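Me: Please take a close look at the sheet in this model. I would like to know how its strands are arranged and what packs against them.

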Amino acid sequence: MSDPQTVSVPGRIMAAEMAEQPAVLRRILDEGAPKIRGIAAEIAARKPRFVLLTARGTSDNAALYAKYLIEILLGKPAGLTSMSTTTAYGATQDLTDVLVITVSQSGGSPDLVASTKAAREAGAITLAVTNNAASPLAEVSEFHIDVLAGPEKALPATKTYTAELLALYLLVEGLAAAWGRPLPKAGGGSAAEDLPALAAGVLSRQAEVRALAERYRFAQRLVITSRGYGYPTAREAALKLMETTYIPASPFSGADLLHGPLAMVDNVSPVIAIVPDGKGGEALQPVLDRLRGRGADLVVIGQRAQVEAASAGFALPAGVPEEVQPILEILPLQQLAYEVTIARGQDPDAPRALAKVTETR
């Protein structure tokens with residue numbers, strides 16, 4: 001009889017790593033937060049003029065989330081870099097007093113390392129956010145935040161993504177405190193304090209997600225939309241679905257969806273809308289109205305009232321500050337990618353043609 005520990009069960013690794021996320025979030029809050037606050041205080045004392053964020057893939061979606069945090073909560077301009085300007089074109093920039101944050105799970109991609117090294121030589125304050133403290137990226141950066149997710153073996157990034165989101169939020173929280181811009185709190189403490197327990201509650205409802213997955217087993221394409229803090233979630237959900245299920249999934253800001261792509265949505269088009277509880281959800285309302293008017297098969301992740309008004313959905317806990325809701329929003333969407341992939345007879349642990357560490361230049 002074969003050893004059950006050696007039997008390859010499709011999706012076993014991804015399922016285990018998704019389940020680890022509440023513990024990872026708690027580890028960051030308990031063990032990582034003090035160091036992150038210290039780094040934030042050192043960076044704040046340097047008074048950076050603005051922030052540039054560098055990343056690829058899943059980490060690029062985490063960086064986009066940080067862009068919203070920085071611009072909304074810190075009042076600092078923030079942008080996403082184009083690494084090829086440095087690595088392919090050899091362009092040089094004056095980055096004196098600019099904070100450059102490079103986000104990478106492995107910290108091993110040559111373009112991330114090269115562009116960060118060039119930024120530091122150009123006068124930038126460089127910070128790496130990785131899941132590998134011994135990575136080349138950590139070595140070339142002035143500061144480093146370890147997201148403490150532990151080894152991630154499944155090709156789709158799950159626990160490292162939510163760990164990056166929380167680490168970036170805590171960094172912004174620390175910068176805000178140093179600059180006298182206190183952030184909204186939950187119950188008198190950090191807005192992030194309740195996330196581990198809330199995440200465990202969301203993940204425990206996988207049976208609801210499994211029922212949703214039946215809608216998409218034979219889907220030919222998907223549209224995913226949101227606004228504000230929810231937009232990075234839409235992009236990450238599309239990436240997870242494409243790399244595991246192989247279903248083409250197009251993520252759009254709700255505003256961009258109205259500027260043309262709405263024309264491809266009809267009464268058989270599956271649309272997933274991430275509806276934050278807050279200003280992002282309010283801004284998305286006209287988009288939801290237009291989608292309903294076109295008879296779209298609309299599934300909502302987020303506000304309970306919007307879920308009840310949609311074809312189907314998954315309601316998230318109420319009362320969570322909007323700026324940390326993305327850490328919960330992505331969880332049922334990770335599970336959805338997993339469940340649809342399993343239903344289609346594929347293995348989400350090892351999508352075809354992908355490697356865990358992608359080396360681009």
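**The sheet and its helices**

Reply: Val51 has Leu99 as its bridge partner in strand 3. Keep in mind that this model is predicted. That pair is a good place to start. Strand 1 covers residues 50–54, and strand 3 covers residues 98–104. The two pair in the parallel sense, over 5 bridges.

Now step back to the whole sheet. It is open and has 5 strands. Their order is 2-1-3-4-5, and the pairing is parallel. Strand 2 (78–80) and strand 5 (143–146) stand at the edges. Each has a single partner strand, so one side of each has no neighbour in the sheet. From one strand to the next, the twist averages 20°.

Next come the helices. Helix 3, residues 57–74, lies across strand 1, strand 2 and strand 3. Helix 3 runs at about 165° to strand 2. Helix 7, residues 159–178, lies across strand 3, strand 4 (125–130) and strand 5. Its angle to strand 3 is about 160°.

One residue of helix 7 deserves a closer look. Lys159 lies in that helix. Is Lys159 buried or exposed? Its relative accessibility is 1%, so Lys159 counts as buried; the cut-off for buried is under 20%. The side chain of Lys159 reaches the backbone oxygen of Pro151 at 2.8 Å. Leaving out residues up to four places away in sequence, Lys159 touches Glu17, Glu20, Gln21, Val24, Ala149, Gly150, Pro151 and Glu152. Pro151 thus appears in both descriptions of Lys159.

Technical notes. Residues numbered from 1 in each chain as written. Predicted model: local features only at pLDDT ≥ 70, side-chain atom pairs only at ≥ 80, totals over all residues. Heavy atoms only, no water. Pairing = 2+ DSSP bridges. Helix = DSSP H or I, 4+ residues; strand = E, 2+ residues; numbered from the N terminus. Axes fitted to C-alpha atoms, helices over the stretch in contact; angles between N-to-C directions. Contact = heavy atoms within 4.5 Å. Buried < 20%, exposed > 50% of the residue type's maximum accessible area, 1.4 Å probe, protein only. Polar contact = N/O pair within 3.5 Å; in protein donor to acceptor, adjacent residues only side chain to side chain.
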